[in-house]
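Trainee: Mind if I quiz you on this one while we have it on the screen? I'd like to go through it piece by piece.

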Amino acid sequence: MQAKPNFKTGDKLVYPNQGVVVVERIGEAPGFPAGDYYHLAPMRGAARYFVPVGNSRSGLRSVGTKKSIGAFLKMLAEPPEVSHLLPERRHRLNVEKLKGGQLESAGEVLKGLTRVSMRYEALSYREKKMYEHVRDFCISEVSAVLEVSPEEAEKLVVAALDKAVPGSA
(Lines give C-alpha, C1' and ligand atoms only; values in the text may rest on other atoms or scores of the structure.)
Protein backbone atom coordinates (compact mmCIF):
# COMPACT_ATOMS: atom_id res chain seq x y z
CA MET A 1 0.00 0.00 0.00
CA GLN A 2 1.34 3.44 -0.97
CA ALA A 3 1.90 5.84 1.93
CA LYS A 4 -0.23 8.97 2.00
CA PRO A 5 1.74 12.09 0.98
CA ASN A 6 2.89 14.21 3.92
CA PHE A 7 3.42 17.24 1.69
CA LYS A 8 1.30 18.82 -1.01
CA THR A 9 1.91 20.57 -4.30
CA GLY A 10 3.36 24.03 -3.74
CA ASP A 11 4.96 23.23 -0.37
CA LYS A 12 8.46 24.56 0.20
CA LEU A 13 10.67 21.86 1.67
CA VAL A 14 14.28 21.37 2.62
CA TYR A 15 15.99 18.50 0.83
CA PRO A 16 19.25 17.69 2.68
CA ASN A 17 22.34 18.59 0.70
CA GLN A 18 20.21 20.33 -1.93
CA GLY A 19 18.55 23.21 -0.08
CA VAL A 20 15.04 24.54 -0.49
CA VAL A 21 12.85 22.84 -3.08
CA VAL A 22 9.22 23.22 -4.12
CA VAL A 23 6.84 20.32 -4.61
CA GLU A 24 5.79 20.75 -8.25
CA ARG A 25 3.49 17.76 -8.25
CA ILE A 26 2.97 14.31 -6.76
CA GLY A 27 2.63 11.29 -9.03
CA GLU A 28 4.42 8.73 -11.16
CA ALA A 29 7.98 9.51 -12.21
CA PRO A 30 9.10 8.48 -15.69
CA GLY A 31 11.74 5.77 -15.63
CA PHE A 32 11.24 4.99 -11.94
CA PRO A 33 9.48 2.02 -10.30
CA ALA A 34 5.71 2.32 -9.96
CA GLY A 35 4.47 4.49 -7.12
CA ASP A 36 3.97 8.10 -6.20
CA TYR A 37 6.92 10.48 -6.09
CA TYR A 38 7.36 14.05 -5.01
CA HIS A 39 8.50 15.99 -8.08
CA LEU A 40 10.83 18.59 -6.55
CA ALA A 41 12.33 21.69 -8.12
CA PRO A 42 15.06 23.70 -6.39
CA MET A 43 14.39 27.37 -5.71
CA ARG A 44 17.38 28.16 -7.91
CA GLY A 45 18.61 25.97 -10.72
CA ALA A 46 17.13 23.68 -13.32
CA ALA A 47 17.60 20.29 -11.63
CA ARG A 48 14.63 18.09 -10.75
CA TYR A 49 14.47 15.51 -7.99
CA PHE A 50 12.08 12.59 -7.58
CA VAL A 51 11.62 11.29 -4.04
CA PRO A 52 9.30 8.39 -3.25
CA VAL A 53 6.32 9.43 -1.14
CA GLY A 54 6.68 7.85 2.28
CA ASN A 55 10.48 7.51 2.08
CA SER A 56 11.38 8.49 5.64
CA ARG A 57 15.11 8.27 4.87
CA SER A 58 15.00 11.08 2.31
CA GLY A 59 15.25 13.67 5.07
CA LEU A 60 12.65 15.95 3.46
CA ARG A 61 11.31 18.45 5.95
CA SER A 62 9.22 21.59 5.89
CA VAL A 63 11.12 24.85 5.85
CA GLY A 64 11.50 26.55 9.21
CA THR A 65 9.42 29.34 10.66
CA LYS A 66 10.22 33.01 11.04
CA LYS A 67 10.87 32.29 14.72
CA SER A 68 13.32 29.48 13.89
CA ILE A 69 15.12 31.72 11.38
CA GLY A 70 15.43 34.41 14.06
CA ALA A 71 16.95 31.82 16.42
CA PHE A 72 19.24 30.61 13.62
CA LEU A 73 20.56 34.11 12.89
CA LYS A 74 21.08 34.69 16.62
CA MET A 75 23.02 31.40 16.89
CA LEU A 76 25.03 32.32 13.81
CA ALA A 77 26.05 35.62 15.45
CA GLU A 78 27.43 33.91 18.58
CA PRO A 79 31.18 33.19 18.69
CA PRO A 80 32.03 29.77 17.23
CA GLU A 81 33.55 26.97 19.25
CA VAL A 82 37.32 26.88 19.03
CA SER A 83 38.50 23.75 17.29
CA HIS A 84 42.06 22.75 16.47
CA LEU A 85 41.22 19.62 14.52
CA LEU A 86 43.24 18.61 11.51
CA PRO A 87 41.45 19.37 8.22
CA GLU A 88 40.64 15.71 7.48
CA ARG A 89 38.97 15.14 10.87
CA ARG A 90 37.21 18.53 10.69
CA HIS A 91 35.84 17.64 7.25
CA ARG A 92 34.48 14.27 8.44
CA LEU A 93 32.73 15.92 11.39
CA ASN A 94 31.25 18.59 9.14
CA VAL A 95 29.95 15.98 6.69
CA GLU A 96 28.23 14.19 9.58
CA LYS A 97 26.64 17.44 10.75
CA LEU A 98 25.29 18.16 7.28
CA LYS A 99 23.73 14.74 6.68
CA GLY A 100 20.55 15.53 8.58
CA GLY A 101 19.77 18.67 6.61
CA GLN A 102 19.12 20.75 9.73
CA LEU A 103 19.66 24.50 9.41
CA GLU A 104 21.31 24.80 12.83
CA SER A 105 23.90 22.16 11.98
CA ALA A 106 24.59 23.82 8.65
CA GLY A 107 25.04 27.12 10.48
CA GLU A 108 27.55 25.54 12.86
CA VAL A 109 29.55 24.25 9.89
CA LEU A 110 29.37 27.61 8.13
CA LYS A 111 30.48 29.48 11.22
CA GLY A 112 33.30 27.02 11.93
CA LEU A 113 34.67 27.14 8.38
CA THR A 114 34.44 30.93 8.40
CA ARG A 115 36.44 31.06 11.62
CA VAL A 116 39.09 28.67 10.31
CA SER A 117 39.53 30.62 7.09
CA MET A 118 39.73 33.98 8.89
CA ARG A 119 41.91 33.02 11.84
CA TYR A 120 44.16 30.13 10.98
CA GLU A 121 44.54 28.83 7.49
CA ALA A 122 43.20 28.85 4.01
CA LEU A 123 40.50 26.28 3.43
CA SER A 124 41.33 23.25 1.32
CA TYR A 125 39.59 22.90 -2.05
CA ARG A 126 37.16 20.39 -0.50
CA GLU A 127 36.38 22.71 2.42
CA LYS A 128 35.92 25.69 0.08
CA LYS A 129 33.33 23.66 -1.85
CA MET A 130 31.64 22.68 1.42
CA TYR A 131 31.68 26.30 2.57
CA GLU A 132 30.04 27.49 -0.66
CA HIS A 133 27.45 24.72 -0.51
CA VAL A 134 26.53 25.22 3.13
CA ARG A 135 26.38 29.00 2.65
CA ASP A 136 23.95 28.59 -0.25
CA PHE A 137 21.95 26.06 1.78
CA CYS A 138 21.55 28.51 4.68
CA ILE A 139 20.76 31.45 2.43
CA SER A 140 18.12 29.48 0.52
CA GLU A 141 16.18 28.61 3.66
CA VAL A 142 16.43 32.13 5.12
CA SER A 143 15.21 33.52 1.79
CA ALA A 144 12.30 31.07 1.53
CA VAL A 145 11.06 31.50 5.09
CA LEU A 146 11.41 35.29 5.31
CA GLU A 147 10.17 35.65 1.72
CA VAL A 148 13.06 37.91 0.75
CA SER A 149 15.40 37.77 -2.21
CA PRO A 150 18.47 35.55 -1.95
CA GLU A 151 20.58 38.72 -1.96
CA GLU A 152 18.70 40.10 1.06
CA ALA A 153 18.97 36.75 2.85
CA GLU A 154 22.70 36.72 2.12
CA LYS A 155 23.06 40.13 3.76
CA LEU A 156 21.36 38.81 6.91
CA VAL A 157 23.57 35.72 7.04
CA VAL A 158 26.77 37.70 6.37
CA ALA A 159 25.87 40.29 9.03
CA ALA A 160 25.32 37.55 11.60
CA LEU A 161 28.58 35.81 10.65
CA ASP A 162 30.47 39.10 10.92
CA LYS A 163 29.31 39.40 14.55
CA ALA A 164 30.60 35.89 15.29
CA VAL A 165 33.82 36.21 13.30
CA PRO A 166 34.65 39.91 12.89
CA GLY A 167 36.17 40.72 9.53
CA SER A 168 34.46 37.86 7.73
CA ALA A 169 32.12 40.12 5.75
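Trainee: Let's start with asparagine 55: does it count as buried, exposed or partly exposed?
Mentor: Keep in mind that this is a predicted model. Asparagine 55 sits in the loop between E4 and E5. Buried needs under 20% relative accessible area and exposed needs over 50%. Asparagine 55 has 28% relative accessibility, so it counts as partly exposed.

Trainee: And glycine 54, what is its relative accessible area?
Mentor: Glycine 54 is also in the loop between E4 and E5. It falls in the partly exposed class, because its relative accessible area is 44%.

Trainee: Which strands are at the edges of the sheet?
Mentor: Five strands make an open sheet with antiparallel pairing, and the order runs E4-E3-E2-E1-E5. An edge strand pairs on one side only, and that fits strand E4 (49–52) and strand E5 (61–62).

Trainee: Which residue in E4 stands opposite tyrosine 38?
Mentor: Strand E3 (residues 37–42) pairs with E4 in the antiparallel sense, over four bridges. Across from tyrosine 38, in E4, you find valine 51.

Trainee: Which residue takes a positive phi in the hairpin of E3 and E4?
Mentor: That hairpin has six residues between the strands. The phi near 110 degrees there belongs to glycine 45.

Trainee: What angle does H4 make with E2?
Mentor: H4 packs on the sheet, where it touches strand E1 (12–15), strand E2 (19–27) and E5. Between the direction of H4 and that of E2, the angle is about 65 degrees.

Trainee: Which element gives the most residues to the largest nonpolar core?
Mentor: In soluble globular proteins, nonpolar side chains tend to be buried together. Here the largest nonpolar core has 29 residues, and Phe72 and Val157 have the most contacts inside it. Two or more residues come from each of H1, helix H3 (103–119), helix H4 (125–146) and H5. The most, eight residues, come from H4.

Trainee: How many residues are in the other core?
Mentor: It lies apart from the largest one, and Phe7, Tyr15, Val21 and Tyr38 are among its members. The count for this core is 10 residues.

Trainee: Going back to phenylalanine 72, what is it in contact with once you leave aside neighbours within four places in sequence?
Mentor: Phenylalanine 72 shares with Val157 the most contacts inside the largest core. With those sequence neighbours left out, its contacts are Leu103, Glu104, Gly107, Cys138 and Val142.

Trainee: By class, what are the residues in the contact of H1 with H5?
Mentor: The axes of helix H1 (residues 66–77) and helix H5 (residues 150–164) come within 6 Å and cross at roughly 35 degrees. H1 brings Leu73, Leu76 and Ala77, while H5 brings Leu156, Val157, Ala160, Leu161, Lys163 and Ala164. By class, that makes eight nonpolar, no polar and one charged.

Trainee: Is glutamate 127 buried or exposed?
Mentor: Glutamate 127 has its place in helix H4. The cut-off for buried is under 20% relative accessible area. At 1% relative accessibility, glutamate 127 therefore counts as buried.

Trainee: Then which side chain has a polar contact of 2.7 Å with the side chain of glutamate 127?
Mentor: Not counting residues up to four places away in sequence, glutamate 127 touches Pro87, Arg90, His91 and Leu113. The partner in the 2.7 Å polar contact is the side chain of arginine 90.

How values were computed: Residues are numbered from 1 along each chain as its sequence is written. This is a predicted model: local features need pLDDT of at least 70, side-chain atom pairs count only at pLDDT 80 or more; totals for chains, interfaces and linings use all residues. Side-chain values use heavy atoms; hydrogens and water are left out. Axes are lines fitted to C-alpha atoms, for helices over the stretch in contact, and angles run from 0 to 180 degrees between N-to-C directions. Contact means heavy atoms within 4.5 Å. Ala, Val, Leu, Ile, Met, Phe, Trp, Tyr, Cys and Pro count as nonpolar, Asp, Glu, Lys and Arg as charged, and the others, Gly among them, as polar. A nonpolar core is a set of buried Ala, Val, Leu, Ile, Met, Phe, Trp, Tyr and Cys residues joined through side-chain atoms within 4.5 Å. Buried means under 20% relative accessible area, exposed over 50%, partly exposed in between (1.4 Å probe, protein chains only). Two strands pair if DSSP finds at least two bridges between them. A polar contact is a pair of N or O atoms within 3.5 Å; within protein, one must be able to donate a hydrogen and the other to accept it, and residues adjacent in sequence count only if both atoms are side-chain atoms.
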